[in-house]
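Reader: I would like to learn how to read a model such as this one, feature by feature. Could we take the general idea each time, and then the case at hand?

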Number of protein chains: 2
Amino acid sequence: VSADEFERIERFFAPLAGPEAAGLADDVALLAPPAGRELVIKTDTIVEGVHYLPDDPPDLVARKLLRVNLSDLAAKGAEPLGYVLDLTLPDRCGDDWLEAFCRGLAEDQRAFGFSLFGGDSARTTGPAVLSATLLGGVASGGIPRRGGARLGDYLCVTGTLGDAALGLAVLRGELPGLDAADRTYLADRYRLPQPRLGEGRRLAPLVHAMMDVSDGLVQDAGHICKASSLAAVIELEALPLSPAARRAVKAEPDRIQLALGGGDDYELLCTAATLPEGVTVIGRCVAGSGVTVVDRAGKEVLVASPGYRHF
Amino acid sequence: VSADEFERIERFFAPLAGPEAAGLADDVALLAPPAGRELVIKTDTIVEGVHYLPDDPPDLVARKLLRVNLSDLAAKGAEPLGYVLDLTLPDRCGDDWLEAFCRGLAEDQRAFGFSLFGGDSARTTGPAVLSATLLGGVASGGIPRRGGARLGDYLCVTGTLGDAALGLAVLRGELPGLDAADRTYLADRYRLPQPRLGEGRRLAPLVHAMMDVSDGLVQDAGHICKASSLAAVIELEALPLSPAARRAVKAEPDRIQLALGGGDDYELLCTAATLPEGVTVIGRCVAGSGVTVVDRAGKEVLVASPGYRHF
């Protein structure tokens, strides 16, 4: 720990710290778990040039790092308590970068009600590597796992699908025909995921299996199927699309593939015997293995690239 | 998550996973905190070429990563429960590297009784970045902090000081006069820290402040002083040295500086009003600020490089 590092901790990170961190003046954080709650733990690493671009605004990078983890907490019905942060930065990420990055952290800590428990920082000659480990609280006695789906369950999602993948296409200049409002809407959906924490807490007691859609609908439904030893049939016509996505698909019908295979939507995918409110049924859990997508006529639709990755 | 990554998780990480990880088949780990215990959380990042060398045996790198965190848990009287791991590796760290790395993790999980909760992995074009976040359990109601030292407290340490810094000198070929057994002993002390978990649990209820000696005695005593708004006087003659260190210092008296400023010993430094068993008194907490080292005659000894770092 150098003098520089102390100064950086004091200036940038101490304002983010919760009471568990004891002002970041000790070596450890101390957490008294809320009574009757279990802890959900989730970690995620993002790498400059792989998961985000060097020129991306640091505050958005910070918020995305937190939100991909918050989305996993949402899928277990948990509320966020706090997190630890491991930042490995090249020299070119100086105080300006760090200030903007921490502004993004602060914004989302406020928005979702949790705080920094502790962390570590290091230097690298390579690209920046950012890891966050989130801790959440959840009611004791069973959380919805990937492997809990049952034969005959409805397969459901929150919100709309494909927006993030279409948003990336917008940012790449691939959808020039779309009007400006639609382009902005879709790009925002890509830039800043909305973790469905409220929906997750409401749905958790009502569903058999739940996870967030981060790799793409077909791939993520496949994870539930595999862990539950079941198959799923998804109806293409049932996929919930935003008005902007609907217009993009109307202009070029093949773009519906982005709702099947595009990642980063961060909606919740769940299965339930009784349909919960506020979700869209997109299919059923059936005997067998794997995920099949069918059109209105019941004919199988080829999925172009399950688990389509952004870079 | 690519097919390769699933295979790696299955092959290398699933065998390390505890029941909290649910076979690493879900997105999160679920921990029911032991009744009446609080959680201690500690994270640490090490970077190839900064904290270890590219040619270091991967199993030793893994064990050192765990042990520097275990040492912080020890200093709070906590026992380890489990950890999450974030591995960002260059392509050159392939399956052979990972297999050896995981062998080291498994060895220390067995030695210290804890398991893997979860993790994430990513690729980098730069040096490897390895982060571990450990969770420990500790009796509710107060752990020894840095800031708990009181006026008049004894300043005490477990074990012996300076061995790790001398061990690094051995590995650099700087102590050719020492006999082979001493060289091996010192090098081992540098290569593989021994987290003082048992001593920490025993000492925690008996001390006012405690931390591990990782940056070097004088710097770490300074942390306790600063957090406690006190000063400390350390007696050079009182420093506990191993027989090997004693011989190295006898051959060249200046090497005593490595017991004052050399890092990586991972012994426990504590303060107490009543002397606990099994520690060595090295000084006292007095009014003022800062750390002074004095010789037998009470004359101040200049400390060459507080917080001496290894690379």
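Author: Let us begin with a pair of strands: strand S8 (residues 231-235) of chain B and strand S10 (residues 280-286) of chain B run antiparallel and are joined by four bridges. Within that pairing, B:Ala231 has B:Val286 of S10(B) as its bridge partner. Helices and strands here are DSSP runs (H or I with at least four residues for a helix, E with at least two for a strand), numbered from the N terminus, and two strands count as paired if DSSP finds at least two bridges between them. This is a predicted model, in which local features need pLDDT of at least 70 and side-chain atom pairs count only at pLDDT 80 or more, whereas totals for chains, interfaces and linings use all residues. Residues are numbered from 1 along each chain as its sequence is written, chains are lettered from A and ligands numbered from 1 in the order in which they are written, and side-chain values use heavy atoms, with hydrogens and water left out.

Reader: In what order do the strands of the open sheet in chain B stand?

Author: Strands of a sheet pair through backbone hydrogen bonds, either parallel or antiparallel. Here six strands of chain B form an open sheet with mixed pairing, in the order S7-S9-S6-S10-S8-S11. Strand S7 (209-212) and strand S11 (290-294) of chain B are at the edges with a single partner strand each, so one side of each has no neighbour in the sheet. On average, neighbouring strands of this sheet are turned by 25° against each other, direction ignored.

Reader: Which strands of chain B does helix H2 lie across?

Author: Helix H2 (residues 58-74) of chain B lies across S7 and S9 of chain B and runs at about 170° to S7(B); such angles, from 0 to 180 degrees, are taken between the N-to-C directions of lines fitted to C-alpha atoms, for helices over the stretch in contact, where contact means heavy atoms within 4.5 Å.

Reader: How is a positive phi to be read, and where is B:Asp264 placed?

Author: Most residues other than glycine have a negative phi. B:Asp264, although not a glycine, has a positive phi of about 75°, and its place is in the loop between helix H9 (257-261) and strand S9 (268-272) of chain B. B:Asp264 is buried, with a relative accessible area of 5%, buried meaning under 20%, exposed over 50% and partly exposed in between (1.4 Å probe, protein chains only). In the loop between H9 and S9 of chain B there is also B:Tyr266, which has a positive phi of about 55° and counts as buried at 7% relative accessibility.

Reader: Which residues of helix H8 of chain A are buried?

Author: An α-helix has 3.6 residues a turn, so residues three or four places apart point the same way. In helix H8 (residues 243-251) of chain A, the buried residues are A:Ala244, A:Ala245, A:Ala248 and A:Val249. Down the axis of H8(A) they fall within an arc of 130° (taken from the directions from the helix axis to the C-beta atoms), so they line one face of the helix. Exposed residues A:Pro243, A:Lys250 and A:Ala251 are carried on the face of H8(A) turned away from its buried side.
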